[in-house]
Amino acid sequence: MSRGPSPTVRRRRLASELRRLREAAELTIDEVGEKLECSASKISRIETGHVGVTPRDVRDMLEVYGIEDDEREALVQLSREARKKGWWHAYNEVFTGSFVGLESDAASLHTHQALLVPGLLQTEGYTRAVIRAIRPDSEEADVERRVAARVTRQKLLTDAHPPEYWAVIDEAVLHRTVGGPEIMRAQLAHLVELAALPHVTLQVVPFAAGAHAGMECPFLILGFPEQADPDVVYVEYTTSGVYLEQPSDVHRYTLMFDHLRAAALRPDDTAAVVERAADRLA
């Protein structure tokens with residue numbers, strides 16, 4: 001896996017631009033569908049990024065919106081880039097939705113977990129134990145496929161141009177022995193090792209902090225390098241997740257993350273706490 005332009009992010013940007021240009025042309029979705037002799041639902045799905053769009057469809061839509069040649073060709077090229085397949089398509093039975101595609105192009109990733117080590121920071125043994133616990137009926141081949149997909153995804157942090165990664169975890173994560181003492185000890189050592197990387201910050205919210213802003217559910221704030229790609233929040237639930245893109249939602253979760261960072265131990269103190277937790281498993 002190598003970092004590069006994500007087709008998922010390109011499709012999101014294209015969808016936003018097509019919606020903006022339609023509104024600027026003062027056309028409704030129904031009117032565009034009528035002019036292009038297609039259903040209004042197709043235009044709606046394109047504008048929300050739920051379906052891909054061919055370069056020809058983009059060219060036809062932009063002609064209806066009165067867009068001139070240079071801008072039109074730039075957006076048609078964007079549609080070509082959006083149709084390329086990312087590395088994650090090799091694991092399409094594991095990765096559903098657009099999460100990994102967005103993650104792969106992010107410039108910053110700010111996450112909070114209260115129960116588990118965040119996915120990008122997990123060891124193979126820890127990942128395998130978690131998957132077996134969450135999916136007790138899975139065949140061994142499926143478990144190993146999911147472990148391989150997670151390991152490939154983790155290469156993001158060792159890329160030549162990695163994102164700025166900041167994780168705040170609850171102290172409970174350190175004391176839940178996942179996979180047995182040996183696997184958990186290796187996981188904790190791995191956390192200390194990754195936290196020493198210049199682009200990775202790890203903080204623990206101690207039990208002594210009491211109730212805190214991240215107790216409801218895990219979340220991830222994805223920040224992108226281009227102004228045309230606004231930040232997005234991914235809120236994780238048991239079997240799925242939701243994407244929040246409204247500025248008010250992103251601001252709310254950014255504020256929550258700031259409160260969590262303030263309640264958490266400093267990174268140096270966090271490393272010491274993690275090491276002590278590992279020592280107790282020896």
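## Exercises on strands and helices

Tyr 234 in strand 5 is the bridge partner of Leu 220. Keep in mind that this is a predicted model. Let's work outward from that pair.

**Exercise 1. How many bridges join strand 4 to strand 5, and do they run parallel or antiparallel?**

Step 1. Start with the pair above: Leu 220 bridges to Tyr 234. Next to it, Phe 219 has Val 235 as its bridge partner in strand 5.

Step 2. Read the numbers: going from 219 to 220 on one strand takes you from Val 235 to Tyr 234.

Step 3. That fits the full picture, in which strand 4 (residues 219-223) and strand 5 (residues 232-236) are antiparallel and joined by 4 bridges.

**Exercise 2. Find what pairs with strand 4 through 5 bridges, and place both strands in the sheet.**

Step 1. Strand 1 is the one: it pairs with strand 4 in the antiparallel sense over 5 bridges. For a landmark, look at Ser 108, which sits opposite Gly 223 of strand 4.

Step 2. Now the whole sheet. It is open, has 6 strands in the order 3-2-1-4-5-6, and its pairing is mixed. The edges are strand 3 (200-205) and strand 6 (241-244), each with pairing on one side only. From one strand to the next, the twist averages 15°.

Step 3. To see the "mixed" part, compare the strand 1 and strand 4 pair, which is antiparallel, with strand 2 and strand 3, which run parallel and share 6 bridges. In that parallel pair, Asp 170 stands opposite Val 205 of strand 3.

**Exercise 3. Are the two faces of strand 4 covered or open?**

Step 1. Sort the residues by side. Phe 219, Ile 221 and Gly 223 take one side, with Leu 220 and Leu 222 on the other.

Step 2. Check burial: 5 of the 5 residues in strand 4 are buried. Both faces are therefore covered, given that buried means under 20% relative accessible area.

Step 3. Try the edge strand 3 too. Val 200, Leu 202 and Val 204 point one way, while Thr 201, Gln 203 and Val 205 point the other. Here 6 of 6 residues are buried.

**Exercise 4. Which helix packs on the sheet, and what does Arg 261 touch?**

Step 1. The helix is helix 11 (residues 247-263), which touches strand 1 (108-113), strand 2 (164-170), strand 3, strand 4, strand 5 and strand 6. Its direction makes about 110° with that of strand 4.

Step 2. Arg 261 belongs to helix 11. Setting aside neighbours within four places in sequence, Arg 261 is in contact with His 110, Trp 166, Val 168 and Gln 203.

Step 3. How open is Arg 261? Its relative accessible area is 23%, so it counts as partly exposed. From Arg 261 to Leu 202 is 59 residues in sequence, yet the C-alpha atoms are 9.7 Å apart.

**Exercise 5. Test whether the length of helix 1 agrees with 1.5 Å a residue, then follow the chain out of it.**

Step 1. Helix 1 (residues 7-24) has 18 residues, so the expected span is 26 Å; the end C-alpha atoms lie 25 Å apart, which agrees.

Step 2. Look at its buried residues, among them Val 9, Leu 14, Leu 18 and Leu 21. Their cover includes helix 2 (29-36), helix 5 (69-82) and strand 5.

Step 3. After the helix comes Glu 26, with a positive phi near 60°. Leu 27 then lies in the loop between helix 1 and helix 2. Leu 27 has 15% relative accessibility, so it counts as buried. Beyond four places in sequence, Leu 27 touches Arg 22, Val 32, Lys 35, Val 64 and Tyr 65.

**Exercise 6. Do helix 10 and helix 12 run roughly parallel or antiparallel?**

Step 1. Helix 10 (residues 181-195) and helix 12 (residues 267-279) pack at about 160°, with axes 9 Å apart.

Step 2. Angles over 145 degrees count as roughly antiparallel, so that is the label for helix 10 and helix 12. The crossing is left-handed.

Step 3. Now find the contact. Helix 10 brings Arg 185, Leu 188, Leu 191 and Val 192, and helix 12 brings Ala 271, Val 274, Glu 275, Ala 277 and Ala 278.

Note on methods
Residues are numbered from 1 along each chain as its sequence is written. This is a predicted model: local features need pLDDT of at least 70, side-chain atom pairs count only at pLDDT 80 or more; totals for chains, interfaces and linings use all residues. Side-chain values use heavy atoms; hydrogens and water are left out. Two strands pair if DSSP finds at least two bridges between them. Axes are lines fitted to C-alpha atoms, for helices over the stretch in contact, and angles run from 0 to 180 degrees between N-to-C directions. Contact means heavy atoms within 4.5 Å. Buried means under 20% relative accessible area, exposed over 50%, partly exposed in between (1.4 Å probe, protein chains only). The expected span of a helix is 1.5 Å times one less than its number of residues. Angles under 35 degrees count as roughly parallel, over 145 as roughly antiparallel, 65 to 115 as roughly perpendicular and the rest as oblique. A crossing is left-handed if the near helix is turned anticlockwise from the far one by less than a right angle, and right-handed if clockwise.
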